[in-house]
Amino acid sequence: MIKKILLGLVGVIAIILLIAAFKSPDFRVERSRSIAAPAAALFDQVNDHHKFNTWNPFSKMDPNAKNTYSGPDAGVGSVCAWDGDKVGAGKATIIESKPNELVRLRMDWLRPLEGTSTVDFTIVPDGDKQRITWAMYGKSNFMGRLFSIFMSCESMCGPEFEKGLDDLAKIVTTTNTAPAAQP
């Protein structure tokens, strides 16, 4: 009886490993939101790690995580590294910055899984608003594909991207609608 259970368990593990081995390594998670704010206001928030971390849902998830910043304050070469119990460890480096259009980051994940991905924030006109898209994409290594059988990147990150874009909208619309200071 125990031999049959062990053989069944080995069979299940083998099937899971085969599924992971043949699973596509490509992944992409993307969310968009139209916001009534100037492109410059949105760009300013995503081009500066300090500002980004005020509305970043992952920072709110682990408020005790330690962030360290290096390089310029904003734009290409700006780096934010994080280390926390809930969000793991890694760093984000701005590798491309086109004013009011695009901020591209290289994400280097160290813990709980190692890997590299790309994050794009794109801003395009949408009538009298701006449509901002937060996308993360890349290729998963074997461990990432194995993990994705049980928990997808889409289900982990998609809802958080939505929360972040909602908070971004609150920040830029509050900032842009505040009355001008009186002399």
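These are my notebook entries on a sheet, a surface patch and some salt bridges in this structure.

**Entry 1: the model**
I began by noting that this is a predicted model.

**Entry 2: the sheet**
I looked up how the strands are arranged. There are 7 strands in an open sheet, and their pairing is antiparallel. Reading across, I wrote down the order β1-β7-β6-β5-β4-β3-β2. The edges are β1 (26-35) and β2 (66-70), each of which pairs on one side only. On average, neighbouring strands of this sheet are turned by 20° against each other, direction ignored.

I then picked one pair to follow by eye. Strand β3 covers residues 79-84 and strand β4 covers residues 88-98. I found these two paired in the antiparallel sense over 6 bridges. A handy place to look is D83, which stands opposite A89 in β4.

**Entry 3: a nonpolar patch**
Next I turned to helix α1, residues 2-22, where I2 has its place. Which residues form a nonpolar patch on the surface? I found I2, L6, L9 and I13, with about 400 Å² of accessible area together. I checked I2 by itself: it counts as exposed because its relative accessibility is 62%, and the cut-off for exposed is over 50%.

**Entry 4: salt bridges**
My count here comes to 12 salt bridges. I looked at three of them, starting with D44 and K51. Their closest N and O atoms are 2.5 Å apart. Both ends are partly exposed: D44 has a relative accessible area of 34%, and K51 has 30%.

The second one joins the side chains of R104 and E96, at 2.8 Å from N to O. R104 is partly exposed with a relative accessible area of 23%, and E96 is also partly exposed, at 24%.

For the third, I went to R106 and D108, whose side chains meet at 2.8 Å, N to O. Are the two partners buried or partly exposed? R106 counts as partly exposed at 40% relative accessibility. D108 counts as buried because its relative accessibility is 13%, and buried means under 20%.

**Entry 5: a network**
Last, I asked which residues are joined into one network by salt bridges that share partners. The answer is E96, K98, R104 and D120. I had already met two of these names, since R104 and E96 form the salt bridge noted in the previous entry.

Terms used:
Residues numbered from 1 in each chain as written. Predicted model: local features only at pLDDT ≥ 70, side-chain atom pairs only at ≥ 80, totals over all residues. Heavy atoms only, no water. Pairing = 2+ DSSP bridges. Helix = DSSP H or I, 4+ residues; strand = E, 2+ residues; numbered from the N terminus. Axes fitted to C-alpha atoms, helices over the stretch in contact; angles between N-to-C directions. Patch = residues over 30% accessible without salt bridge, like charges linked within 9 Å, V, L, I, M, F, W, Y side chains within 5 Å. Areas by Shrake-Rupley, 256 points an atom, 1.4 Å probe, with all protein chains shown as cover. Salt bridge = Lys/Arg side-chain N within 4 Å of Asp/Glu carboxyl O. Buried < 20%, exposed > 50% of the residue type's maximum accessible area, 1.4 Å probe, protein only.
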